[in-house]
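Reader: Hey, got a minute to walk me through this one? I'd like to start with the basics.

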Amino acid sequence: MNDDLPNRILSGTIQVKPNIRRFQGSSVEFDDGSVVEDVDLVVFATGYTFSFPFLSSHVISVSENKTSLYKYVFPAELQRPTLAIIGLVQPLGAIMPISEMQARWATRVFKGCTKLPSVDSMMKDIECKKQKMAQRYVTSSRHTIQVDYISYMDEIAEQVGVRPNILKLLLTDPSLGWNVVFGPCTPYQYRLRGPGKWAGARQAILTQWERVVHPMQTRPCNDPKPRRSLMWPIILSAAAVGLAAYVNRSSLPEFLQDPTILLDKIKASLPAQ
């Protein structure tokens with residue numbers, strides 16, 4: 001279920017309807033009796049069933065969307081690890097970085113750089129994952145290859161030897177460690193060390209938020225800064241002077257305390273007409 005669905009429902013762009021009763025031409029009738037006319041498209045979101053008909057059943061067998069793969073990649077009972085299934089997971093997150101990590105692991109196994117554990121250990125891991133899946137989800141063919149993005153990426157990265165050492169990063173490079181712990185979990189952090197190490201991984205991690213924000217700034221505004229007005233300072237200053245004059249009017253000259261005295265003096269100085 002997409003995170004955008006609640007917003008779509010609230011805005012009215014998606015309407016929630018009960019089960020479909022029947023189709024009639026280009027109209028759809030629902031169980032509550034309502035009918036929608038002129039339907040353009042019907043999408044049956046029923047999920048997927050997977051199988052491998054081109055492989056022998058002793059190599060990999062599938063029953064009700066269930067198969068036994070070590071960490072969802074390697075068939076556990078092959079005599080030699082010469083087969084890897086890439087992308088056969090249903091992640092709560094992006095599948096492409098997971099597929100890349102699986103491919104990095106598979107190539108190292110094929111080259112002999114990394115060895116798989118014993119068959120018993122792999123079968124125990126497979127059974128443990130099945131039990132956790134049964135505890136978390138209802139019994140359904142939909143929830144047989146479900147994985148959580150971060151925990152699964154870390155799990156496969158551990159096999160490759162590229163999982164970041166968080167404690168070491170926090171002690172030796174606090175800024176980088178902080179961004180790895182509290183920032184988004186992007187594939188850059190699996191390029192900091194080990195096979196496939198990339199020199200630009202650190203800088204990419206430190207600047208990833210900037211590169212997210214930058215493309216969204218499609219309309220940069222260069223509005224002039226508002227000029228400071230002197231009107232209010234002048235008004236306040238005049239009010240302060242007036243208030244001070246009113247309070248201390250006894251110390252002012254006599255003609256300033258009573259303007260009529262000043263007028264009489266001015267009249268007396270004028271020549272008589």
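Author: Sure, one term before we start: contact means heavy atoms within 4.5 Å. Keep in mind that this is a predicted model, where local features need pLDDT of at least 70, side-chain atom pairs count only at pLDDT 80 or more, and totals for chains, interfaces and linings use all residues. Residues are numbered from 1 along each chain as its sequence is written, and side-chain values use heavy atoms, with hydrogens and water left out.

Reader: OK. What does Asp-125 touch, not counting residues up to four places away in sequence?

Author: Asp-125 touches Tyr-70, Lys-71 and Glu-155. Asp-125 sits in helix H3; helices (H or I, at least four residues) and strands (E, at least two) are DSSP runs, numbered from the N terminus.

Reader: Is Asp-125 buried or exposed?

Author: Asp-125 is buried, at 18% relative accessible area. The cut-offs are under 20% for buried, over 50% for exposed, and partly exposed in between (1.4 Å probe, protein chains only).

Reader: Which residues are linked with Asp-125 in a network of salt bridges?

Author: Lys-71, Lys-129 and Glu-155 join Asp-125 in that network. A salt bridge here is a side-chain nitrogen of Lys or Arg within 4 Å of a carboxyl oxygen of Asp or Glu. For Lys-129 and Glu-155, the closest N and O atoms are 2.6 Å apart. Lys-129 is in helix H3 and Glu-155 in helix H4, so this pair ties together parts 26 residues apart in sequence. Lys-129 counts as buried at 18% relative accessibility, while Glu-155 is partly exposed at 22%.

Reader: How many salt bridges turn up in the whole structure?

Author: The search finds twelve. One of them joins the side chains of Arg-191 and Glu-100, at 2.9 Å from N to O. Arg-191 is in the loop between H6 and helix H7 (201-206) and Glu-100 is in helix H2, so the pair ties together parts 91 residues apart in sequence. Another salt bridge has Glu-29 meeting Arg-22 at 2.6 Å, N to O. Glu-29 is buried, with 10% relative accessibility, but Arg-22 is partly exposed at 42%.

Reader: Switching to the inside: which residues have the most contacts in the largest nonpolar core?

Author: Those are Phe-74, Met-101, Trp-105 and Tyr-152, in a core of 34 residues. A nonpolar core is a set of buried Ala, Val, Leu, Ile, Met, Phe, Trp, Tyr and Cys residues joined through side-chain atoms within 4.5 Å. Helix H4 (149-160) is among the elements that supply at least two residues of this core, and H4 gives the most to it, with six.

Reader: And what is Tyr-152 in contact with, leaving aside its neighbours within four places in sequence?

Author: Tyr-152 is in contact with Lys-71, Tyr-72, Val-73, Val-89, Ile-98, Gln-102 and Val-147. Apart from the largest core lies another, of six residues, including Leu-176 and Ile-205.

Reader: Last one, the outside. Which residues make the nonpolar surface patch?

Author: Ile-166, Leu-170, Trp-178, Val-181 and Phe-182 make a patch of about 490 Å². Patches like this are made of residues with over 30% relative accessible area and no salt bridge, with nonpolar side chains (Val, Leu, Ile, Met, Phe, Trp, Tyr) joined within 5 Å and like charges within 9 Å. Accessible areas come from the Shrake-Rupley method with a 1.4 Å probe; for residues, only the protein chains shown count as cover. H6 gives the most to the patch, with three residues. Trp-178 is in helix H6 and is exposed, at 53% relative accessible area.
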